[in-house]
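Work through these short exercises with the structure open beside you. Try each task before you read its solution.

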Amino acid sequence: LSRHHGLIASLEAGHAAYGPTVRLAKRWLALQLLLGPAQVCGEAVELLVGAVFQGPSSSPPPASRISGLLRFLQLLASHPWQAAPLLLDPSADVAPAARRALQGCHRRKFCA
């Protein structure tokens, strides 16, 4: 959990819209009755929003909570969840070969 908190703290320090986007995403999920331990936990929402701000997208990070929420919803709707894992690597520690190995492991486990 300390690594999670460190990651979240670095995202909040680097992006002014990250914290408000997380709160808005959690509120949206709660209104859809999707936030909770049996559905999507708060830590997962923080990581998913982190992927919006630090992901391998060609577009810059969102500058407001509304644009952050829209990009979060777009990620939820468009990511091929069963075909590829969502890897969040904000410090670029994972080498491309290791990333491909993780994706291959995911495919063998879930797409077999």
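**Exercise 1. Classify D89, then find its salt-bridge partner.**

Step 1. D89 has 17% relative accessibility, so D89 counts as buried. The cut-offs for relative accessible area are under 20% for buried, over 50% for exposed and in between for partly exposed (1.4 Å probe, protein chains only).

Step 2. A salt bridge needs a side-chain nitrogen of Lys or Arg within 4 Å of a carboxyl oxygen of Asp or Glu. D89 pairs with R99, and their closest N and O atoms are 3.9 Å apart. R99 lies in helix α5 (residues 96-110) and D89 in the loop between α4 and α5, so the pair ties together parts 10 residues apart in sequence. Helices are DSSP runs (H or I, at least four residues), numbered from the N terminus.

Step 3. R99 is partly exposed, at 26% relative accessible area.

A note on the numbers: the model is predicted, so local features need pLDDT of at least 70 and side-chain atom pairs count only at pLDDT 80 or more, while totals for chains, interfaces and linings use all residues. Residues are numbered from 1 along each chain as its sequence is written, and side-chain values use heavy atoms, with hydrogens and water left out.

**Exercise 2. Count the salt bridges and describe the one at K26.**

Step 1. Searching the whole structure gives two salt bridges.

Step 2. K26 bonds to E46 in one of these, with the closest N and O atoms 3.2 Å apart. The pair links distant parts of the chain: K26 is in helix α2 and E46 in helix α3, 20 residues apart.

Step 3. Compare burial. K26 is partly exposed at 23%, whereas E46 is buried at 16%.

**Exercise 3. Check the span of α2 and list what its buried side meets.**

Step 1. Helix α2 covers residues 18-31, which is 14 residues. The expected span is 1.5 Å times one less than the number of residues. From first C-alpha to last, α2 reaches 20 Å, close to the expected 20 Å.

Step 2. Its buried residues are Y18, G19, T21, V22, L24, A25 and L29. They pack against α1 (2-14), α3 (42-54) and α4 (65-78).

Step 3. Look at A25. Leaving out residues up to four places away in sequence, A25 touches V45, V49, L69 and F72. Contact means heavy atoms within 4.5 Å.

**Exercise 4. Which residues have the most contacts inside the largest nonpolar core?**

Step 1. A nonpolar core is a set of buried Ala, Val, Leu, Ile, Met, Phe, Trp, Tyr and Cys residues joined through side-chain atoms within 4.5 Å.

Step 2. The largest has 18 residues, and Y18, A25, V49, F53 and F72 have the most contacts inside it. Helix α3 gives the largest share, six residues.

Terms used:
Helix = DSSP H or I, 4+ residues; strand = E, 2+ residues; numbered from the N terminus.
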